[in-house]
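Biologist: I am new to this structure. Please pick one part, look at it closely, and tell me how it fits with its surroundings.

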Amino acid sequence: MKKMVAAMTLAVALSILGAFAVQADEFTKKDLEKWNKEFMSVVKEGERLFHSALGKNKVSCDMCHPNGANTHPETYPKFQKQIGKVVALRDMINWCIQNPLEGDPLKLDDPKMIALEAYITYERKGKPLDPGKH
Amino acid sequence: MKKITRRRLLKRGAVAAAAATLPLSLVEISWGKGNAQNFTFAYISDSHLTHIKGTKFVRNFDKGLKKAVMECNFMSPKPDFVVYGGDLAQLGKKEELEHGLEIMSKLRHPVRWVIGEHDFYLDMGRFWEDKISKTTYSFDHKRVHFVVLNSILTYDSWIKRWKTPEERMANMARLDNPNGSPFMVGDRQIKWLKKDLARVSKDTPIVVMSHSPLYKIFKPWNFWTDDAEKVQAVLKPFNKVTVLHGHVHQILYNQIGNITFQAMMSTAWPWPYPLSYIKKPNQIPKITVFMNRADPFHERDATGWSILNLENGRVTNHYKLWENRDRILRYDEKLGYPVDTLYQNPANRIPPQEHY
Ligand SMILES: [Fe+2]
Ligand SMILES: [Fe+2]
């Protein structure tokens, strides 16, 4: 009995999943264009933020990192010896905002943080992931 | 003073370790005092002093220039003069240039000035020429001919496209600006250069000082002078030519024909090597052994200044690096190009010199 209930539950679960899968497969070229447009608008916002004063001293990220160079997003998470543990890219973004830019850290889910990450990773598009690399 | 750990000392050998800790006063002992052409000068560049408001400036960048000035004042024997290599200001503001002049006034040595794009594009060089220096000139020192060029000029059409001086300055200040414009020396200065050099004998050592490199490395970041070849052609008949430049904020050196090129460090911040931007091709000189990748946790890392010795008409460059081992570039007469006295040999290179 117990077995049968389990099998039935599984069947129901599969049919629900199946239904969703069919819908999920049905995105169109138009959808792709729309999503890419959404993404690129966030990249653009990230580019704007990256080139503006995010702290309190008029210094901006691009002054040390033209085109996001030398940020190495593909190497995160990695051990950051000065922090003493493995951290994510966003932790280093906040470190830069607090130190060279003399500002307050962003919340980790702040849309500005997402935009900065979008720009930094987009400038590195195509570079193979290499987490942990120094 | 740098910390020399036991491990580092053992690794590099006693001689190299001793060289790394040489006091400033001993760096020029390697050449004969007999030659009247041999002398020492210092080079400070790219301080990018940034005005916040009122009397407030970015602390970090002030600190870099102040440190270089202080160390220059401690040089013994004294340098014959100090060159300022351009980009004293960040946005060309009167406040920034005046602030820079005040810090530089603490120098006990005469200063020769080279203009950078950050000093120029707000008022098209007016404050600089009124209060600081000419932008194109030459002088002779101990039988070496020095030429200073304004290499950060650009096309009139670009200069005219901006509504305000502030907008023009901001667009030139952004290194990775897709709406930027390449630097150039321009035909008027090239004509002047020809005339200036006409009276100089071909065996007189020539040292040209410009802000941008007088060769082409990476156009997207203006590591580039559009009419560089024309300038190189004028310099071609001379036996010993060295071009010293700022702008790139990194260790960079090259040899093109008879001309040796050397970049100066910034006192403010380092820039990545163009190969770190994977989307665009570059022409980084193959002979350059890269500086260490900067550690952002050390605010003065990959910044510094230079002590330059004129040795038999060639420039030996002692990069004074605040958070790294000093580097020495010397022209190798046999090879015909400058080499790093320690790291040119690939076996001596260290992991932080790998950029990607
Ligand atoms: Fe600069
Ligand atoms: Fe510059």
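Modeller: A residue is called buried when its relative accessible area is under 20%, exposed when over 50%, and partly exposed in between (1.4 Å probe, protein chains only). By that rule, 60% of the 356 residues of chain B count as buried. Some ground rules come next. The model is predicted, so local features need pLDDT of at least 70 and side-chain atom pairs pLDDT 80 or more, while totals for chains, interfaces and linings use all residues. Residues are numbered from 1 along each chain as its sequence is written, chains are lettered from A and ligands numbered from 1 in the order written, and side-chain values use heavy atoms, without hydrogens or water.

Chain B has 9 helices and 15 strands. These are DSSP runs, numbered from the N terminus: helices are H or I with at least four residues, strands E with at least two.

Now the close look: strand β11 of chain B, residues 259–263. It is mostly covered, with 5 of its 5 residues buried. In a regular strand, side chains alternate between the two faces of the sheet. Here Ile259(B), Phe261(B) and Ala263(B) point one way. Thr260(B) and Gln262(B) point the other way.

What does β11(B) pair with? Two strands pair if DSSP finds at least two bridges between them. β9(B) runs parallel to β11(B), joined by 5 bridges. Val241(B) has Ile259(B) as its bridge partner there. β10(B) pairs with β11(B) in the antiparallel sense, over 4 bridges. Gln255(B) stands opposite Thr260(B). The hairpin of β10(B) and β11(B) has 2 residues between the strands, and Gly257(B) takes a positive phi near 60° in it.

Follow β9(B) onward and a metal site appears. Donors are N, O and S atoms within 2.8 Å of the metal (3.2 Å for Na, K and Ca); water is not among the atoms, so sites may look incomplete. The iron ion (ligand 2) takes its protein donors from Asp87(B), Glu117(B), His211(B) and His247(B), at 2.2 to 2.6 Å. Glu117(B) is listed twice, each time through OE. Of these residues, Glu117(B) and His247(B) link distant parts of the chain, 130 residues apart. Glu117(B) sits in helix α4 (residues 117–120), and His247(B) in the loop between β9 (241–245) and β10 (253–256). Both are buried. Asp87(B) also bridges to a second metal, the iron ion (ligand 1), 3.4 Å from the iron ion (ligand 2).
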